[in-house]
Amino acid sequence: MHTKELLSLKNKVALVTGGAGKYGRCIVEGLAEADARVITASRNLEAGDAFAQTMRDRGLDVHARKLDQADPESVAALKANIVADFGGLDVFVNNAVARPVSGGWDGFRLNDLALSMQVNVVGMMDITRAMADLIAQRGGGTIVNIASMMGMFGPDLSNYEGTDMGNPSPDYFFHRAGMINFTRYLAHVLADRRIRANCISPGGLRAPNQPQRFVQNYSKKVMIGRLAVDDDIKGVVVFLAGEGSKYITGENILMDGGMHC
Ligand SMILES: NC(=O)c1ccc[n+]([C@@H]2O[C@H](COP(=O)([O-])OP(=O)(O)OC[C@H]3O[C@@H](n4cnc5c(N)ncnc54)[C@H](O)[C@@H]3O)[C@@H](O)[C@H]2O)c1
């Protein structure tokens, strides 16, 4: 196969959960620029529609659908809708995350923790099984899980020195780590359906509301010298979603600008 073909997602249908969020937008844009037909799904359909329209204005094939990952009926409805409107699915990007827990180690509340688990563990596995089913019906495809460097390492509290950011919530370190080993599990149980499963563990994405001191603390530990920017994940996700990575499954790619090398 020609290299351009290996990296093309032409004729592929891809679903990105939480595709109107911070990393989600970059992932949707990357897949669509590689010629996939992309569905972004999250709870706020209006925001999803507005984002999809900006992509269509650029000639990209992006569509928004409603999804509450915590609700099995919503997952089942999206599954049926993908078959009806798009004819099936080839690529599933497990990107949505809920962050209902605040207060750090001393302040986290158990009901917030339960909500986090409902979305980030129970709902995440529900939608993965539903979408793997659709991919299997097409004869195979790919799953790309989005975890975090915070699923691989403990928190570096010195990043928050001189800010009022407090210490991070414990659930995030738990379910991001789970996502990485869940990827390896999927690689095994879905291999006979010709589905490959891989994971990306990104570092922090630059956002306008980040305190300057945090950006300085963080950036000086990164070999590339900065937080991630919008383009950084696009090539990685396209590579894992398509044939370019066809001999890779069960892998986790740390994308942290060399912070932990
Ligand atoms: N932003 C970062 O710096 C960063 C760093 C490392 C890893 N990540 C990972 O990137 C992924 C996306 O994170 P982000 O920072 O872009 O998040 P975000 O908060 O910007 O977006 C998350 C998306 O998930 C959606 N979502 C939340 N609950 C949902 C539910 N019940 N049903 C459907 N959709 C739901 C939200 O609507 C939103 O669109 C996550 O897997 C996260 O762990 C992010």
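This text walks through a predicted model of a protein with a bound ligand, going from one helix to the cores, the ligand and a few single residues.

A good place to begin is helix α7, which covers residues 170-189 and so has 20 residues. From its first C-alpha to its last, α7 reaches 29 Å, close to the 28 Å expected at 1.5 Å a residue. Several residues of α7 are buried, among them Tyr-172, Phe-173, Arg-176, Met-179, Ile-180, Thr-183 and Ala-187. The list of buried residues includes charged ones such as Asp-171 and Arg-176 alongside Phe-182 and Leu-186. In an α-helix there are 3.6 residues a turn, so residues three or four places apart point the same way. With that in mind, the reader can follow Phe-173, Arg-176, Ile-180, Thr-183 and Ala-187 along α7, each of them buried. What do the buried residues of α7 pack against? Their partners are one helix, α6 (110-137), and the strands β4 (91-94), β5 (141-146), β6 (195-202) and β7 (252-255).

The next topic is the nonpolar interior. The largest nonpolar core contains 33 residues, and Leu-31, Val-93 and Ile-200 have the most contacts inside it. At least two residues of this core come from each of the helices α2 (22-33), α3 (45-57) and α9 (234-241), and the same holds for the strands β1 (13-17), β3 (62-66), β4 and β5. Helix α2 gives the largest share, six residues. Ile-200 shows how parts far apart in the numbering meet in this region: leaving aside neighbours within four places in sequence, Ile-200 is in contact with residues including Val-144, Ile-146, Ile-233, Val-237, Leu-240, Ile-253 and Met-255. A second core, separate from the one just described, has 28 residues, and Leu-89, Met-124, Ile-143 and Cys-199 are included in it.

Leu-89, one of the residues in that second core, is found in the loop between α4 (72-86) and β4. Is Leu-89 buried or exposed? Its relative accessible area is 0%, so Leu-89 counts as buried although the residue sits in a loop. Residues more than four places away in sequence that touch Leu-89 are Val-13, Ala-14, Leu-15, Ile-82, Met-131, Leu-134, Ile-135 and Arg-138. The C-alpha atoms of Leu-89 and Gly-141 are separated by 8.2 Å, while the two residues are 52 residues apart along the chain.

The ligand comes next. It is surrounded by 25 residues, the closest being Tyr-23, Gln-69, Tyr-172, Arg-176 and Leu-205. Two helices already met, α2 and α7, each supply at least two residues of this shell. Backbone atoms also approach the ligand. An oxygen atom of the ligand lies 3.2 Å from a polar backbone atom of Asn-95. For Val-97, the distance from a backbone N or O atom to a ligand oxygen is 3.4 Å, and for Ile-146 the corresponding distance is 3.1 Å. On its own the ligand would expose 820 Å², and the protein buries 89% of that.

Buried positions are not always nonpolar, as the pair Glu-29 and Lys-234 shows. Glu-29 has its place in helix α2, and Lys-234 lies in helix α9. Their relative accessible areas are 18% for Glu-29 and 13% for Lys-234. Both values are under 20%, so both residues count as buried. The side chain of Lys-234 makes a polar contact with the side chain of Glu-29 at 3.2 Å, and another with the side chain of Glu-33 at 2.9 Å. Setting aside residues up to four places away in sequence, Lys-234 also touches Cys-26 and Gly-30, while Glu-29 also touches Met-55 and Arg-58.

Two loop residues complete the walk. Most residues other than glycine have a negative phi. Asp-35, in the loop between α2 and β2 (37-42), has a positive phi of about 80° although it is not a glycine. Arg-194, in the loop between α7 and β6, likewise has a positive phi, of about 60°. How exposed are Asp-35 and Arg-194? Asp-35 has a relative accessible area of 45% and is therefore partly exposed, whereas Arg-194, at 63%, counts as exposed.

Definitions and conventions:
Residues numbered from 1 in each chain as written. Predicted model: local features only at pLDDT ≥ 70, side-chain atom pairs only at ≥ 80, totals over all residues. Heavy atoms only, no water. Helix = DSSP H or I, 4+ residues; strand = E, 2+ residues; numbered from the N terminus. Expected span 1.5 Å × (residues − 1). Buried < 20%, exposed > 50% of the residue type's maximum accessible area, 1.4 Å probe, protein only. Contact = heavy atoms within 4.5 Å. Core = buried A, V, L, I, M, F, W, Y, C linked by side-chain atoms within 4.5 Å. Near = heavy atom within 4 Å. Polar contact = N/O pair within 3.5 Å; in protein donor to acceptor, adjacent residues only side chain to side chain. Areas by Shrake-Rupley, 256 points an atom, 1.4 Å probe, with all protein chains shown as cover.
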